[in-house]
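Subject: The model we talked about

Hi,

Here is the structure I promised to pass on to you. Have a look at it first, and then read my notes below.

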Amino acid sequence: MRTRTLALFLSAAVMSTALCGCGGQGTAGTGSDGANTSQTGGEPPANELTVGIAQDLGDSLDPFTMTAAGTREILFNVYEGLYKPDASGDFIPALAEDCAISEDALTYTFTLRDGVQFHNGTAMDAEDVVYSFNTCAATSVDSSLSAALADLVSADVVDERTVAVTLAAPNSDFLAYVSSVYVVPDDYDGQTTAPVGTGPFRFVSRSVQENVILERFDRYWGEAAKVDKVTCKIYEDGNALMTALNGGAVDLVCHLTTSQVQGLGEQYQVLEGTMNLVQALYLNNAAAPFDDVRVRQALCYAVDVDAVLDLTADGHGTKLGSSMYPAFTKYFDDSLTDLYPHDPEKARALLAEAGYPDGFSMTITVPSNYTPHVDTALVLAEQLAAVGIQAQVVEVEWNTWLTDVYQGRNFETTVVGFDAANLTANALLQRWTSGAGKNMISFQSSEYDALLEQANAITDDGDRTSLFRQAERVLAEEAANVYIQDLADMVVINKSLTGFQFYPLYVLDLSQIAWTA
Amino acid sequence: MKKRLSGRAAGPTNWFLYLGAAITLVMAALTVLGCFWTPYDPGAMDSLSKALPPCPAHWMGTDNFGRDIFSRALQGMGATLFISLCVVAISGAAGTAIGAVTGYFGGWGDEILMRICDAITAFPSILLALVILAILGPGKWNVIGVLGILFIPSFARVARGEFARCRTLNYVKSARLMGAGPWRIMVRHILPNTAPVLLPAVSIGFNNAVLAEASMSFLGIGVGPADASLGRMLSDGQSYLLRGLPWYALCVGGTIVLLILGFSLLGEGLQRRKPAF
Amino acid sequence: MKYLIKKLCTLIITLFILSLLAFSAFSIIGDPAASMLGTNATPEQVAQLRHELGFDRPLLVQYGDWLSGFLRGDMGTSYSYSLPVSGMVLEKLPTTFVLTLMALALNVAAAIPLGIAAARYAGGLFDRVVTVLNQVIMSIPPFFTGILLTCLFGLVFRLFTPGAFVSYAENPWGFLGYLFFPALSIAAPRTAMTVKLLRSSILEQLGQDYIRTAYSRGSSRTMALWGHALRNALIPVITFTAVSVAEMVAGSIVVEQVFSVPGIGRLLLASISSRDFPVVQAIVVILALWVAAVNLLADVLYQYADPRIRLS
């Protein structure tokens with residue numbers, strides 16, 4: 001009898017410890033969430049914003065050497081140039097009040113805005129601007145930007161509020177490049193880890209793989225940001241990001257796929273834009289059999305882009321026909337998207353003509369960390385099988401992709417998306433000129449090279465545009481790549497938030513976002 | 001029936017053995033079936049039947065490409081079992097050989113090999129596998145190679161213990177007196193007697209191999225998307241789970257659990273069968 | 001003493017093999033220069049960065065460099081974050097440490113009473129239920145347990161908000177609360193194994209001669225269990241628990257991924273894929289040291305629990 005009581009006591013003790021542990025911890029967890037994040041109720045406890053981001057700011061935070069699109073996207077709120085892009089793709093004066101361009105289009109005279117302060121409290125002057133131009137020209141890892149700045153003869157201080165920039169040759173895109181030259185203080189050297197700029201938000205802290213914290217900059221020269229503090233929470237794993245969304249731990253997440261935004265909680269609304277990427281099956285034009293234009297065209301006919309969109313994104317996304325996405329309204333040529341309708345018969349015929357009546361085997365190399373690209377590759381492999389091409393999808397890490405595929409050019413085909421570093425046609429098209437170091441697919445076309453060279457030599461906007469459009473057509477007709485789509489960019493945002501804007505660039509403007517309640 | 005004092009004593013029916021064998025046999029039969037026939041082409045996509053719940057046409061439902069999950073699970077089980085089989089074959093053979101030699105002969109060779117085994121086991125094997133797979137890149141054969149090598153110490157240790165113990169037993173001594181060479185003694189005399197100890201080790205090894213492969217594929221460093229293994233499918237299924245579509249992860253996770261459960265029951269049963277030393 | 005020296009030698013060999021392995025891994029798969037510059041850089045820029053970071057030097061020179069730095073306590077600077085590695089690792093270490101410790105606490109708190117109770121009533125209903133549950137729980141991989149727990153307690157019962165991790169500096173109680181379910185996922189399979197081991201270990205002790213002697217002196221079964229058998233039965237459990245800690249550290253890497261806990265495991269995975277070699281190297285060595293320390297501790301406890309070793 002005694003033993004039985006003891007055993008009962010024992011097991012009861014075990015149970016109650018377990019239950020206490022459970023209940024106690026659980027309550028503590030829920031309590032803390034309410035205090036820390038603005039969720040469920042819709043009304044924030046403080047004027048704060050929690051943004052979920054899928055990529056850590058895992059590179060240098062220096063304005064000129066930062067590389068990751070995810071880093072540029074967030075630091076857009078911290079750094080500013082003399083001009084900055086707005087949501088419609090125009091360049092508006094930012095740190096400069098005005099810009100006078102000389103008759104020969106070689107000298108740009110910027111009048112600086114008065115009373116602009118850096119986040120560290122020092123005032124911005126002409127010296128800082130000149131320093132920024134020179135540092136950017138020397139260190140930028142964006143080769144189209146550094147190429148543009150290579151034409152820079154000099155950047156000079158005229159007086160405290162005036163800077164004159166002289167070019168060696170006219171460049172009609174110069175203001176676009178100016179917007180990428182972020183202005184930083186000339187006496188601060190901690191940019192790689194603690195950025196200091198002039199933007200509406202100042203950088204507070206970052207915790208590796210956890211968060212990046214920004215705070216409203218109260219002495220901002222322009223319209224102040226609406227929220228006091230932004231916490232960018234990092235969820236590098238797609239599933240973790242989904243879990244956080246389902247639990248209501250974040251207020252805003254960009255760059256989601258259509259399948260990810262299904263079945264979300266009531267507190268969210270979904271906005272749809274485009275990613276501003278050229279997603280394609282990029283073909284190594286230097287490797288057999290892709291050195292044969294008929295094979296490349298056959299691939300284009302074999303691929304059913306509508307079905308790709310249906311299978312990967314429920315039909316969302318914008319079809320593309322060349323290396324240009326629709327946010328560039330001026331340059332985008334809609335007619336190219338139907339150049340190669342889905343036609344397996346024609347694909348087979350072209351393959352037979354090229355000497356592959358039974359098809360061939362190929363590999364599609366995809367960076368494993370980009371789910372949309374992996375998904376697209378899987379669907380493409382299925383579609384190519386229908387015309388006798390055995391495509392094997394090989395996932396590689398991003399770094400391996402960069403080393404082997406991008407720089408080593410050691411691949412057959414690959415699915416990725418290229419974005420534009422700035423709002424110029426060159427940012428997307430220069431890449432495919434014969435001698436370009438970034439011409440990963442080794443595309444060779446003297447016609448294409450000539451068109452681009454011509455376009456960059458003239459300043460008349462209409463003529464330039466038509467030359468760029470012709471160049472796009474060459475890419476499409478030569479079937480340089482199998483162009484697929486500009487991915488749908490689904491944004492999930494708390495219903496009580498307003499002011500979110502889609503940009504034609506890969507940036508997230510936090511300054512206009514506000515709580516309505 | 002009176003309470004038994006010792007749980008080790010085999011009861012009238014060794015349920016562990018029978019149940020484990022039954023589960024393992026069924027899973028193996030399904031896997032073999034999956035090699036020759038699946039209800040649907042595991043790779044076939046269909047935009048009209050995306051993300052369906054389980055129904056008579058699709059026993060486990062379909063994924064976001066409209067692929068039949070049951071067909072893919074059959075195929076995935078094949079990939080997982082193939083990898084585990086190879087891993088156990090490699091590590092079992094090499095481990096037993098190493099353990100036999102070091103256990104029988106002893107000496108400084110034994111000391112060095114056991115220190116190396118200690119060094120390997122001192123570190124969680126999945127961490128080691130991570131670092132090594134980072135060298136080789138993901139892929140089926142790389143996973144097999146890495147796990148095959150990492151599992152050697154566990155077999156070597158068991159085999160060494162047995163061979164060292166048997167070396168001094170009378171039947172070995174008499175064989176030696178009759179002029180049998182050391183290799184003959186090891187292979188013909190001792191090896192068959194180590195079966196009661198080695199068999200459970202094999203089943204535990206299988207168990208661990210399935211678990212390790214699933215974990216690595218779950219982390220995305222295992223096999224590629226072409227040969228979908230169960231771990232990879234589970235990682236895919238996790239995102240559905242959160243969207244209120246739980247069948248994918250539950251079916252695939254359940255399959256992994258059944259596979260491991262079968263082996264672990266089998267191992268338990270085999271251990272219970274062996275007489276106490 | 002001889003034993004300690006042997007252990008230390010094993011540890012040094014382990015660390016050397018591991019660090020060399022990790023090091024050569026990176027020389028084979030390539031350095032991070034390419035991903036540090038992204039898709040808009042030219043090959044010339046990449047070559048220049050490679051030179052600046054010293055990747056064009058012979059491998060042994062690079063390794064020697066790292067080793068001498070590490071021995072002086074300098075773990076280097078992260079390639080991708082440009083932050084000192086020691087700071088980054090120290091920031092993440094407490095999270096994983098607490099997670100593992102919590103799992104260990106759950107493991108011990110649940111396994112010892114359950115194991116004793118199962119042994120005490122061996123063959124009874126409670127024992128059978130425990131035995132069956134053990135087999136099932138042992139067969140569920142920690143990451144699947146994690147998925148199930150997230151689903152059940154996070155999304156259905158809403159006991160915690162998945163993804164709403166708070167750091168220990170910000171809110172210690174919220175931090176502990178968030179780590180409870182990850183710890184449970186890691187602890188579950190090891191607990192089942194510990195229960196099984198403790199049960200059979202106690203039963204084995206109860207069958208020994210000295211227990212029979214105790215019975216003959218009039219001890220009840222309960223007194224025999226608590227007074228004599230338990231202490232000896234715990235000895236193999238201590239060794240096993242040390243192994244469990246190593247396994248739990250490994251388990252935390254997977255489970256951190258499931259629950260998006262920013263611990264050392266996530267840092268390791270991310271650093272491997274971004275080729276952030278100094279970080280990987282530091283983590284590998286620290287984890288090895290950690291596991292070794294636990295094993296040493298277990299040896300000390302072992303000697304304490306087993307007087308035979310102490311007396312001799």
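Below are my notes on two parts of it, a pair of domains and a sheet. Please keep in mind that this is a predicted model.

Let me begin with chain C. The domain assignment splits chain C into domain 1, residues 2-71, and domain 2, residues 88-311. Between the C-alpha centres of these two domains of chain C the distance is 34 Å. How many residues of domain 1 of chain C are in contact with domain 2 of chain C? There are 14, and they meet eleven residues of domain 2 of chain C. On the domain 1 side, helix 1 of chain C (residues 2-29) supplies the largest share, with nine residues. By character, that side of domain 1 of chain C has eight nonpolar, four polar and two charged residues.

Now to chain A. Here you will find an open, antiparallel sheet of four strands in the order 4-5-7-6. Strand 4 (96-101) and strand 6 (152-159) of chain A are its edges, each pairing on one side only. On average, neighbouring strands in this sheet are turned by 20° against each other, ignoring direction.

If you zoom in on strands 4 and 5 of chain A, five bridges join this antiparallel pair, with strand 5 covering residues 107-112. Asp98(A) is placed opposite Thr111(A) of strand 5. Helix 3 of chain A (residues 126-139) packs on the sheet and touches strands 5, 6 and 7 of chain A, the last of these being residues 162-167. The direction of helix 3 makes about 170° with that of strand 6 of chain A.

Happy to talk it through whenever suits you.

Best wishes

Definitions and conventions: Residues numbered from 1 in each chain as written. Chains lettered and ligands numbered in written order. Predicted model: local features only at pLDDT ≥ 70, side-chain atom pairs only at ≥ 80, totals over all residues. Domains from an automatic or database assignment. Contact = placed C-beta atoms within 7 Å. Helix = DSSP H or I, 4+ residues; strand = E, 2+ residues; numbered from the N terminus. Nonpolar A, V, L, I, M, F, W, Y, C, P; charged D, E, K, R; others polar. Pairing = 2+ DSSP bridges. Axes fitted to C-alpha atoms, helices over the stretch in contact; angles between N-to-C directions.
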